[in-house]
Amino acid sequence: MSLNPIVNAKLKKFKDDFWLSCGDDEAFEKYTNYNILSQFQPGVLSTDLELMDLISVGGGDDLGLDGIAIFLNGQMIKSCEDIDGLLTGNKKGNFEFVFTQAKNKKKFEYEEFLKFSTGVFDFLQEKISKPHNKEISTWHSIYQYIMSYH
């Protein structure tokens, strides 16, 4: 992986801080997810390492996605039970969906952007048409629960 020396140093510190033993590509995806999603709810990923693993969906059959997160009224959720807990008493909910794709290349590649875009589109359908991994299935089940929530 050929990263800018500053980014490379930050990635190394991130791996050390979170005791990551994975390779640099997977660590870079987690680093990207951490930085982007921390803008939505600061500190949430610093205290919940299981959540960081859950939102990092990259790997085989990932639809071109490296991260998926869902926020309900500003709180990151990780299960249907979280939704029920935050919406007790018929409260209204504002859902935000965040999809990430991490690239460590020096130039923009249209094909990769297209794969990401079609992956997001496919995820937002009632049924995902392309092969997908279990992490994406988990998030899609939560998405389906949200769409059927009354």
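**Core, strands and pocket of a predicted model**

Leucine 65 is a good place to start: setting aside residues up to four places away in sequence, this residue touches Val57, Gly58, Phe99, Thr100, Gln101, Phe116, Gly119, Val120 and Ile136. The model examined here is a predicted one. Leu65 also belongs to the largest nonpolar core, which has 39 residues. Together with Leu45 and Met76, Leu65 is among the residues with the most contacts inside that core.

A short walk along the chain leads to strand β1, which spans residues 67–72. This strand is mostly covered, with six of its six residues buried. Gly67, Ala69 and Phe71 point one way from β1, while Ile68, Ile70 and Leu72 point the other way. Residues on both sides of the strand are buried.

β1 has partners in two other strands. With β3 (residues 95–100), β1 pairs in the antiparallel sense over six bridges. With β2 (residues 75–77), the pairing is again antiparallel, this time over three bridges. Isoleucine 70 takes part in both pairings: its bridge partner in β3 is phenylalanine 97, and its bridge partner in β2 is isoleucine 77.

The turn from β1 to β2 deserves a closer look. Two residues lie between the strands of this hairpin, and asparagine 73 there takes a positive phi near 50°. That value is positive in a residue other than glycine. Asparagine 73 sits in the loop between β1 and β2, and it counts as partly exposed because its relative accessibility is 39%, between the 20% limit for buried and the 50% limit for exposed.

Another residue has a backbone angle of this kind. Aspartate 61, although not a glycine, has a positive phi of about 50°. Its place is in the loop between α4 (49–55) and β1. With a relative accessibility of 47%, aspartate 61 therefore counts as partly exposed.

Finally, the model can be viewed through its empty space. Rolling a probe the size of a water molecule over the atoms shows where such space is left. The largest pocket holds about 210 Å³ of space and is lined by 15 residues. Glu29, Asp66, Gln101, Ala102 and Lys103 lie nearest the centre of this pocket; Gln101 is also one of the residues touched by leucine 65. Helices α2 (24–37) and α6 (110–123) each supply at least two residues of the lining. By type, the lining divides into eight charged, three polar and four nonpolar residues.

Technical notes: Residues are numbered from 1 along each chain as its sequence is written. This is a predicted model: local features need pLDDT of at least 70, side-chain atom pairs count only at pLDDT 80 or more; totals for chains, interfaces and linings use all residues. Side-chain values use heavy atoms; hydrogens and water are left out. A nonpolar core is a set of buried Ala, Val, Leu, Ile, Met, Phe, Trp, Tyr and Cys residues joined through side-chain atoms within 4.5 Å. Buried means under 20% relative accessible area, exposed over 50%, partly exposed in between (1.4 Å probe, protein chains only). Contact means heavy atoms within 4.5 Å. On a 1 Å grid over the protein atoms alone, a cavity is a set of points where a 1.4 Å probe fits but cannot get out, and a pocket is an open set with protein on both sides within 12 Å along at least five of seven lines; lining residues have an atom within 4 Å of a point. Grid points are joined across faces, edges and corners, and a volume is the space filled by probe spheres set on the points. Helices (H or I, at least four residues) and strands (E, at least two) are DSSP runs, numbered from the N terminus. Ala, Val, Leu, Ile, Met, Phe, Trp, Tyr, Cys and Pro count as nonpolar, Asp, Glu, Lys and Arg as charged, and the others, Gly among them, as polar. Two strands pair if DSSP finds at least two bridges between them.
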